[in-house]
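Q: Please take a close look at the sheet in this model, going through its strands and what surrounds them. I would like a connected account that also says how far the prediction can be relied on by its own confidence values.

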Amino acid sequence: MGFQNPIRQSPPPRPSMNSSPDSRESVLQVIDPDTVAGRGALAADPPLEPTAEFLAELARDSQSLESESPQQILRYAVDRFAPRFTMATAFGPEGMTLIHLLAEIAPETPIFNLDTGYQFDETLELRERVKQRYGIEVELKRPDTTVEHYEAINGGPVYKSDPNRCCFDRKLRVLQDAAKGMYAWASAIRRDQSEDRKRAAIVGWDQKFQLVKISPLANWTKNDVWKLITTQKIPYNPLHDKGFPSVGCWPCTRAIGLGEDERAGRWSGFEKKECGLHTS
Ligand code: SF4
């Protein structure tokens with residue numbers, strides 16, 4: 001494939017968004033009162049804008065990468081978008097898989113973790129193990145307020161009453177800031193994880209964060225991931241051996257029982273199934 005790095009191209013023409021004015025409006029209201037221009041790839045120099053031509057090109061790239069390996073998809077991402085290519089990780093099995101592959105392909109890729117202040121100690125210790133094994137320092141990106149201050153100004157833990165708002169304040173806003181000036185981000189989602197994720201493209205435009213979103217593991221199964229972790233001795237969160245297949249913040253994660261869905265332990269007791277990073 002003849003991929004071109006957009007940094008070496010002249011800035012593309014003004015945006016021609018692939019959504020109705022109404023849907024753009026609703027994303028703006030959900031995410032930020034700021035203008036779209038201050039976000040993600042639109043805030044880069046030069047900006048990378050989602051023109052109709054660019055979106056069509058991404059769709060073609062995505063289609064051509066459908067049968068490629070995660071390594072080849074990551075190579076595409078690096079060739080095409082580095083140094084404005086980044087990755088966010090919660091140190092789950094899929095994220096650890098991508099870190100392992102990136103360590104071989106492009107260890108200089110900036111990787112960050114959304115450190116809400118509510119993460120398990122085991123998760124934060126895994127960051128240290130990544131540093132020891134790969135020499136990669138995953139940057140912790142934090143919200144403006146500490147947990148203590150956030151709870152004090154909100155009259156207690158917001159995750160108990162309004163987890164959507166808590167995720168918005170402590171994850172989505174932080175990612176939005178971290179993504180400013182980047183062109184693309186890697187996501188470790190798999191299509192077989194949930195109904196929402198079934199529709200994930202290998203390469204597509206992330207309207208919420210105004211970035212190209214690349215999902216190298218979209219076609220992988222849980223077994224594929226764990227096979228690589230086992231054979232390559234990739235470090236993983238010890239909580240996975242204690243009945244936690246999916247690990248998020250400690251207040252919103254529980255161990256699951258036999259036969260339960262792998263994400264059943266997240267936000268148990270609420271309708272919520274996603275933090276909002278991977279929903280449109
Ligand atoms: S997962 Fe829970 S504690 Fe973490 S940000 Fe979301 S609601 Fe808050």
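A: In this predicted model, strands β4 and β6 pair in the parallel sense, with three bridges between them. One point of register is given by Trp185, whose bridge partner in β6 is Lys213. Within β6, which covers residues 211–214, the side chains alternate: Leu211 and Lys213 point one way, Val212 and Ile214 point the other way, and all of them are buried, Lys213 being included although it belongs to the charged residues.

On its other pairing, β6 is joined to β5 by four bridges, and here the two strands run antiparallel. Val203 has Ile214 as its bridge partner in β6. The two strands form a hairpin with four residues between them, in which Gln210 takes a positive phi near 55 degrees.

Returning to β4, which comprises residues 184–186, one finds that this strand is also joined to β1 by three bridges and that the two run parallel. Trp185 in β4 stands opposite Thr86, and Trp185 is also the residue whose partner in β6 is Lys213. In β1 the side chains again go to two sides, with Phe85 and Met87 pointing one way and Thr86 and Ala88 the other way, and all are buried.

From β1 the sheet continues to β2 through two bridges, again with the strands running parallel, and Met87 stands opposite Ile111 in β2. Strand β2, made of residues 111–114, is in turn joined to β3 by three bridges in a parallel arrangement, where Phe112 stands opposite Glu139 in β3.

Put together, these pairings give an open sheet of six strands in the order β3-β2-β1-β4-β6-β5, with mixed pairing. Because β3 (139–141) and β5 (203–206) stand at the edges and each has a single partner strand, one side of each is left without a neighbour in the sheet. From one strand to the next, the twist averages 35 degrees.

Helix α8 packs on this sheet, where it touches β1 (85–88), β2 and β3, and its direction makes about 155 degrees with that of β2. The helix, which spans residues 163–178, also contributes to the surroundings of the ligand, since the largest share of the shell, five residues, comes from it. In total, 13 residues surround the ligand, and the closest are Pro163, Cys166, Cys167, Cys249 and Cys252. By class, the shell divides into nine nonpolar, two polar and two charged residues.

As for the chain around the sheet, it has nine helices and six strands, and of its 280 residues 37% count as buried. Among contacts between residues at least 6 apart in sequence, 77% join residues at least 24 apart.

Regarding confidence, the chain averages a pLDDT of 86, and 84% of the residues score at least 70. Residues 1–33 call for more caution in reading, as their pLDDT stays under 50, and the model has 38 contacts beyond four places in sequence for that stretch.

Terms used
Residues numbered from 1 in each chain as written. Predicted model: local features only at pLDDT ≥ 70, side-chain atom pairs only at ≥ 80, totals over all residues. Near = placed C-beta within 6 Å. Pairing = 2+ DSSP bridges. Axes fitted to C-alpha atoms, helices over the stretch in contact; angles between N-to-C directions. Contact = placed C-beta atoms within 7 Å. pLDDT = per-residue confidence, 0-100. Buried ≥ 20, exposed ≤ 12 C-beta atoms within 10 Å, placed from the backbone.
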